[in-house]
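Q: Please take a close look at the empty space in this predicted model, and begin with the largest cavity. What lines the largest cavity?

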Amino acid sequence: MNKTVNELQDQFRQLRLAETAEELPRLLREAEKASWTYLEFLESITRYELVKREAKSLEKRMKWARFPFVKSLKEFELEGQNVLTARQLNQLRELNWLEQQYNLILLGPPGIGKTFIAVGLGLEAVQRGFHVYFVTMGELIQLLKTEEYLNKSKVQLKRLRSADLVIIDDLMYMAMDHREANLFFHLINHLYERSSIVLTSNKSPDEWGNLIGDQGITTAILDRLLHRVEVIHGQEDEESHRMKNRKSIFSAKV
């Protein structure tokens, strides 16, 4: 029984092949013009559907990741910095640590590129098919405190808890009260051995206790974070990455 193109498009949509349904008229014209075999035509429409689905999936993962900016690690200037060597950066970009659920802690003063590196690794993870969630420490505490009565917080934390990689920026930049520390511990405990965590902080782990306030909670948090971890220390005398790459309102000419 002969079917019209419109009928075939409807059937493709019923099979959840929406992208192919939209493109079917063009694919049919191309097949007729090039005298494709049946096998070539089937290969073409399935490849088209898979490519479109991956593009949509990538777009969704990028949206859910909530990166504050989009910069590739190819843009990270290795010269003039001593946070990472080229070899170390390439090893991190392979993402073996993520596949093995290792954590990564980036320490050092502001402006040396900790967030740049964290976001860059997150971008590469998204492109490799991983689910990533970026959040600052301040935003995270607010989400945890409002989860019980704000639907938006529930949705965001559900995405965070299901992510393969969670990036927490500016960890321990402010002191926490007992409730905040307890909520943070329960989150870390949930993520433990489920997800990898990338932390950036200008405070070393031995200073976190002063900001958390509860030594027992601090120990429990560190026990889970440091079980499988790579700690990268930016040097105190490292010139700020933002200062080196700043833009000026004045002309370079005097």
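A: A cavity is a set of grid points where a 1.4 Å probe fits but cannot get out. Rolling a probe the size of a water molecule over the atoms shows where empty space is left. In this predicted model, a search of the whole structure turns up 1 cavity of 30 Å³ or more. The largest cavity holds about 90 Å³ of space.

Its lining is made up of Gln 101, Asn 103, Ile 188, Leu 191, Tyr 192, Glu 193, Ser 195, Ile 197, Arg 224, Leu 225, His 227 and Arg 228. Two helices, α9 (178-191) and α11 (215-225), each supply at least two residues of this lining. Sorted by class, the lining of the largest cavity has 5 nonpolar, 4 polar and 3 charged residues.

Open space can be described in a similar way. The second largest pocket contains about 290 Å³ of space. There are 13 residues in the lining of this pocket, and those closest to its centre are Gln 88, Gln 91, Leu 92, Glu 230 and Ile 232. At least two lining residues of the second largest pocket come from each of α4 (86-93), α5 (96-99) and β5 (229-233). The classes in the lining of the second largest pocket are 6 nonpolar, 5 polar and 2 charged.

To sum up the cavity, about 90 Å³ of space is lined by residues that include Ile 188 and Leu 225.

Terms used
Residues numbered from 1 in each chain as written. Predicted model: local features only at pLDDT ≥ 70, side-chain atom pairs only at ≥ 80, totals over all residues. Heavy atoms only, no water. 1 Å grid on protein atoms, 1.4 Å probe; cavity = no way out; pocket = protein on both sides within 12 Å on 5 of 7 lines; lining within 4 Å. Points joined across faces, edges and corners; volume = space filled by probe spheres on them. Helix = DSSP H or I, 4+ residues; strand = E, 2+ residues; numbered from the N terminus. Nonpolar A, V, L, I, M, F, W, Y, C, P; charged D, E, K, R; others polar.
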